[in-house]
Amino acid sequence: MRAVLFGGTVPPLHAKVGEFLETDPYARARLEEAEEVLGQHVLPRFSQATESYSPEARQAYLVTCVALADRAREEDGEADVCAAASIGHLPALHYCGALSFADVMRLGEAVAECENTWNATDHGLVSHFMYRVGRDRLAELVAEVAAEGGWAEVAGHFSDTIHLLNVSAGSLPRLERAVRAGGGVPVLTFPQAEHSGVNAPLRDRIGEAVAGFRFRDARLGFVRGADGVLVDSAEELRSLLRDDCVTPVDFPLVVDRLRDLGVRRVHVVGPGNLFERLTKEHFDVTVLVPDARARGLAVPDSGPARVSGGRVASTT
């Protein structure tokens, strides 16, 4: 059994995926469709964008993911199961048949507006990605922040040693020092809390936005990125998109669900290599790489670079 996984990564800027969007025929076709839907040219504005979560970068991310999925379906056939995480849910909802591509682009704009409005206010909270930190040590870090008068909560487990932690902004420098002192690696900070109950007002705004779109039942199994639960009804998928901003992620549960379903091969869709790393220890993984040159890979004359590897997981 095969699965397609839309990894939720930070939308890349033009330097990483601009060449793919400008030259790949699947990307060009989706760009033309997106520009008709949005009523504006995407690439010129994207080439000038300097923020990863700018409207232009989000638009380019969605086009990139859907174009890669188009090629994967054409070359390898449709997957049996679809999974996603975080921002990857939007293109995944198109792949599974729940939303048209036009509605994905429109809804992407609506969700981005909700998030930008909410994040325009400084809530005094950030989220921090870290590697090489065990779950026990992560719990200690949360307790240490609280003991020093700060606030912290887990926003996501991506493996047993890769985590996203929400934390009060004033506690961040101390947290980074504590991570390093324990042998961990502080990696990246986002200027807002992610996947947290503090975002309840944002969830309500997104709920109002998604209410205006027609969702359909998924035509293939859809594994929810937060907890690995299998969902397929239109209303479950609508709720998934609405609730993502308040729901912590536990990606190992997604891996467990895919294994339980008998998945042996996973096609990872999207820029960046985080979800490739998270899955290749468990499955035979294939990645179509839109940012190949930025990753130091050879760029083929036709189509994106294709990276394959990992081990086929036992299903017993």
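Me: Is A152 buried or exposed in this predicted model?
Reply: A152 is found in strand β4, which covers residues 152-157. Its relative accessible area is 14%, and the cut-off for a buried residue is under 20%. So A152 counts as buried.

Me: Which residues does A152 touch, leaving out those up to four places away in sequence?
Reply: Skip the sequence neighbours up to four places away and you still get a handful of contacts for A152. They are V142, V145, L165, N166 and V167.

Me: How far apart are the C-alpha atoms of A152 and A193?
Reply: Along the chain, A152 and A193 are 41 residues apart. In space, their C-alpha atoms are separated by 9.8 Å.

Me: Which helix gives the most residues to the largest nonpolar core?
Reply: That core has 60 residues, and F6, L21, L107, F215, F222 and L237 touch the most other members. The helix that gives the most to this core covers residues 55-76 and supplies eleven residues. That's helix α4.

Me: Which cysteines does F222 contact, leaving aside neighbours within four places in sequence?
Reply: F222 is one of the residues that touch the most other members of the largest nonpolar core. Its contacts include A84, H89, L93 and V231. The cysteines on its contact list are C82 and C96.

Me: Why is C82 not in a disulfide?
Reply: A disulfide is a covalent bond between the sulfur atoms of two cysteines. A search of the whole structure turns up zero disulfides. For C82, which is buried at 0% relative accessibility, the closest cysteine sulfur is in C96 and is too far for a bond, at 5.6 Å.

Me: What about C114, and how far away is its nearest cysteine sulfur?
Reply: C114 is buried too, with a relative accessible area of 12%. C114 is in no disulfide, and its nearest cysteine sulfur belongs to C245, at a distance of 9.3 Å.

Me: How are α1 and α2 oriented to each other?
Reply: Helix α1 runs over residues 14-23 and helix α2 over residues 25-38, and their axes come within 5 Å. The axes cross at roughly 85 degrees, and 65 to 115 is the range that counts here. Therefore α1 and α2 are roughly perpendicular.

Me: How many residues in the contact of α1 with α2 are nonpolar?
Reply: From α1 come F20, L21, E22 and T23, and from α2 come P25, A27, R28 and L31. One of these is polar and two are charged. The nonpolar ones number five.

Me: Which helices do the buried residues of α1 pack against?
Reply: The buried residues in α1 are V17, G18, F20 and L21. They pack against α2, α3 and α4.

How values were computed. Residues numbered from 1 in each chain as written. Predicted model: local features only at pLDDT ≥ 70, side-chain atom pairs only at ≥ 80, totals over all residues. Heavy atoms only, no water. Core = buried A, V, L, I, M, F, W, Y, C linked by side-chain atoms within 4.5 Å. Buried < 20%, exposed > 50% of the residue type's maximum accessible area, 1.4 Å probe, protein only. Helix = DSSP H or I, 4+ residues; strand = E, 2+ residues; numbered from the N terminus. Contact = heavy atoms within 4.5 Å. Axes fitted to C-alpha atoms, helices over the stretch in contact; angles between N-to-C directions. Parallel < 35°, antiparallel > 145°, perpendicular 65-115°, else oblique. Nonpolar A, V, L, I, M, F, W, Y, C, P; charged D, E, K, R; others polar. Disulfide = S-S within 2.5 Å.
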